[in-house]
Every structure is written in C-alpha cells, then in structure tokens.
Amino acid sequence: MTRVLKGSGFLGLAVMMAVGLHQFVMLASGSVVPPWMIGGHAHLGVLSILAIVMGFAVPALGVTGTTRTAVTGLFVAGQWGIPGIVWLGEGFGLAFLMPTGFLWGGALIVSMLIMFYYSVTAPTEGTGGGSSSFAPGDD
C-alpha cells in the first residue's frame, strides 16, 4: 500500500507541475490565471508531497492490515478530491459538487488522526527509521 501513496504523490506532483506550466503559459500570453486554478494547483502540490511522506511514515510507524488500507485509501481520496472538486466545481461550473469537499477533507482528517494515534502509541524503538523487520518497498 505504500507504493500507492508514493505513486499517487509523484503522479500528483507531475499533474501539479503540468498545471503550473499551463498557468505560466496563460500569464505569458497576457491572460489572468483564475483563482480556482491556483488553489487547486497549490493543494495538489502540498498533498502530493505529503502522500510521499506518508508512504514512508505508514510502515515506519507499523501501520498494518485494514488500518493501513484505510489510511492509504482515505488519504489518496482526499489528495485528489480536494483539488479535483475545486477544479470541477469552480472551473467547470459544477458547483453542485462543491459540498463533497467536506467528504474529501474529512477523509484527510481521519487519515491524519489515525496516523496521529500510531505516532503517539508506537513503541519508541519502532520509530525513527532505525533497524526494523520490514523493507519500505516490499509491498
């Protein structure tokens, strides 16, 4: 599952960079970049970096099984849902989808709260990247 987080993070960064390049072309041609495009771009960038970090934090904290699946699924849904809803809702005029932002934001919050729980309850010798019984890329 950490491959999903890392892969989603790197894909998100590539998409964010492509959107940024599009924004640059708009500016260079004398157009104004709409605020909704800037907001989605920024959120996708930050959440994609965090997805990569999560790809390392999940195994480092010993999150396993269905909890690991839940953390991954909730985070990836929020990572793409938040900027996606801004782009779809504001950019494409699908404002009726905007309330789903609470769903995507909630997914991110639940994912972070699970990680918070694991970070404060994990044995101290199991955290911090020392020697462990797992290989980060083995999933």
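**Exercise 1. Find the aromatic pairs in this predicted model and classify what turns up.**

Solution. Searching the whole structure gives one aromatic pair. Its members are Y117 and Y118, with ring centres 5.8 Å apart and planes at 85°. Plane angles over 60 degrees count as edge-to-face, so the Y117–Y118 pair is edge-to-face.

**Exercise 2. Check whether the length of helix α2 fits its residue count.**

Solution. Start with the count: α2 covers residues 35–60, which is 26 residues. At 1.5 Å a residue, the expected span is 38 Å. Now compare the ends: the C-alpha atoms there are 37 Å apart, so the two values agree. Along the way, look for a bend: α2 turns by about 30° at M54. Just past the helix comes G62, with a positive phi near 75°.

**Exercise 3. Repeat the check for helix α3.**

Solution. The 27 residues of α3 should span 39 Å at 1.5 Å a residue, and the end C-alpha atoms lie 38 Å apart, so this agrees too. α3 bends by about 25° at G81, with the proline P83 following within four residues. After α3 comes G93, whose phi is positive, near 70°.

**Exercise 4. Describe how α2 and α3 pack.**

Solution. First take the geometry: the angle is about 175° and the axes are 9 Å apart. Angles over 145 count as roughly antiparallel, so that is how α2 runs relative to α3. Then sort the contact by class: 16 nonpolar, seven polar and two charged residues.

**Exercise 5. Which residue lies over the face of F56?**

Solution. K6 does, at 4.3 Å from the ring centre.

Definitions and conventions. Residues are numbered from 1 along each chain as its sequence is written. This is a predicted model: local features need pLDDT of at least 70, side-chain atom pairs count only at pLDDT 80 or more; totals for chains, interfaces and linings use all residues. Side-chain values use heavy atoms; hydrogens and water are left out. Helices (H or I, at least four residues) and strands (E, at least two) are DSSP runs, numbered from the N terminus. The expected span of a helix is 1.5 Å times one less than its number of residues. The bend at a residue is the angle between axes fitted to the seven residues ending there and the seven starting there. Rings of Phe, Tyr and Trp (its six-membered ring) pair if their centres lie within 6.5 Å; planes under 30 degrees apart count as stacked, over 60 as edge-to-face and the rest as tilted. A charge sits over a ring if NZ of Lys or CZ of Arg is within 6 Å of the ring centre and within 35 degrees of the ring normal. Axes are lines fitted to C-alpha atoms, for helices over the stretch in contact, and angles run from 0 to 180 degrees between N-to-C directions. Angles under 35 degrees count as roughly parallel, over 145 as roughly antiparallel, 65 to 115 as roughly perpendicular and the rest as oblique. Ala, Val, Leu, Ile, Met, Phe, Trp, Tyr, Cys and Pro count as nonpolar, Asp, Glu, Lys and Arg as charged, and the others, Gly among them, as polar.
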